[in-house]
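Biologist: I'm new to this one. Could you pull it up and walk me through a few side chains?

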Amino acid sequence: CHLAYIYSAKDREPESNELYKKAIVLDPGYDLPYINLGYTYLKNGQGDDAEPLLLKDIQLNNYDLGFMNAGHVYLIRGDEEKAIHHYEEGFGLTASEEGYLKGMQGDYEILKQYNIAEDYYKGLIEKIKRPVKTPTAH
């Protein structure tokens, strides 16, 4: 999986993708190949291929970036409710709220290829970063 990451960083995605696929076969309980391959598919316009990998990733490792990426898949599919749910789950798990929000902002470069309007996406980010108000008992 680490060699696959190096290939990916050097823009050698075909080799990288094959190594991620082999890593999944060799150790299906290891989460990194799922998120890395899923994210690669997402950024290359293959949202349908990304979805099962990203959902498997959050099943194996309940962490912020997995939820963010799964939220992207739902957003691409037009399911705003599920997208927001996943974004909020990730935001609730993150160690760095600022870093999480910057990651979401940076991912717009990927999402715009799916015809997601920038103003719409910025509005979603604003929804995510607002604190949830819990009802108080009287």
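Biologist: Is Glu118 buried, partly exposed or exposed?

Modeller: Keep in mind that this is a predicted model. Buried would need under 20% relative accessible area and exposed over 50%. Glu118 has a relative accessible area of 40%, so we call Glu118 partly exposed.

Biologist: Which residue forms a salt bridge with Glu118?

Modeller: Look along helix α9, 4 residues away, so about one helical turn from Glu118. The residue there counts as partly exposed, at 47% relative accessibility. The closest N and O atoms of the pair are 3.6 Å apart, and the partner is Lys122.

Biologist: Moving to helix α7, which residues are buried there?

Modeller: Helix α7 covers residues 97-106. Seen down the axis, its buried residues fall within an arc of 95 degrees, so they line one face of the helix. Their cover includes α5, α6, α8 and α9. The buried ones are Tyr100, Leu101 and Met104.

Biologist: And which exposed residues sit on the face of α7 turned away from that buried side?

Modeller: They form a salt bridge with each other, with the closest N and O atoms 3.2 Å apart. They're 4 residues apart in α7, so about one helical turn separates them. That face carries Glu98 and Lys102.

Biologist: What kind of aromatic pair do Phe91 and Tyr100 form?

Modeller: Both Phe91 and Tyr100 are buried. Their rings are 5.7 Å apart centre to centre, with 55 degrees between the planes. Stacked needs under 30 degrees and edge-to-face over 60, so the name for the rest applies: this pair is tilted.

Technical notes
Residues are numbered from 1 along each chain as its sequence is written. This is a predicted model: local features need pLDDT of at least 70, side-chain atom pairs count only at pLDDT 80 or more; totals for chains, interfaces and linings use all residues. Side-chain values use heavy atoms; hydrogens and water are left out. Buried means under 20% relative accessible area, exposed over 50%, partly exposed in between (1.4 Å probe, protein chains only). Helices (H or I, at least four residues) and strands (E, at least two) are DSSP runs, numbered from the N terminus. The arc is that of the directions from the helix axis to the C-beta atoms. Contact means heavy atoms within 4.5 Å. Rings of Phe, Tyr and Trp (its six-membered ring) pair if their centres lie within 6.5 Å; planes under 30 degrees apart count as stacked, over 60 as edge-to-face and the rest as tilted. A salt bridge is a side-chain nitrogen of Lys or Arg within 4 Å of a carboxyl oxygen of Asp or Glu.
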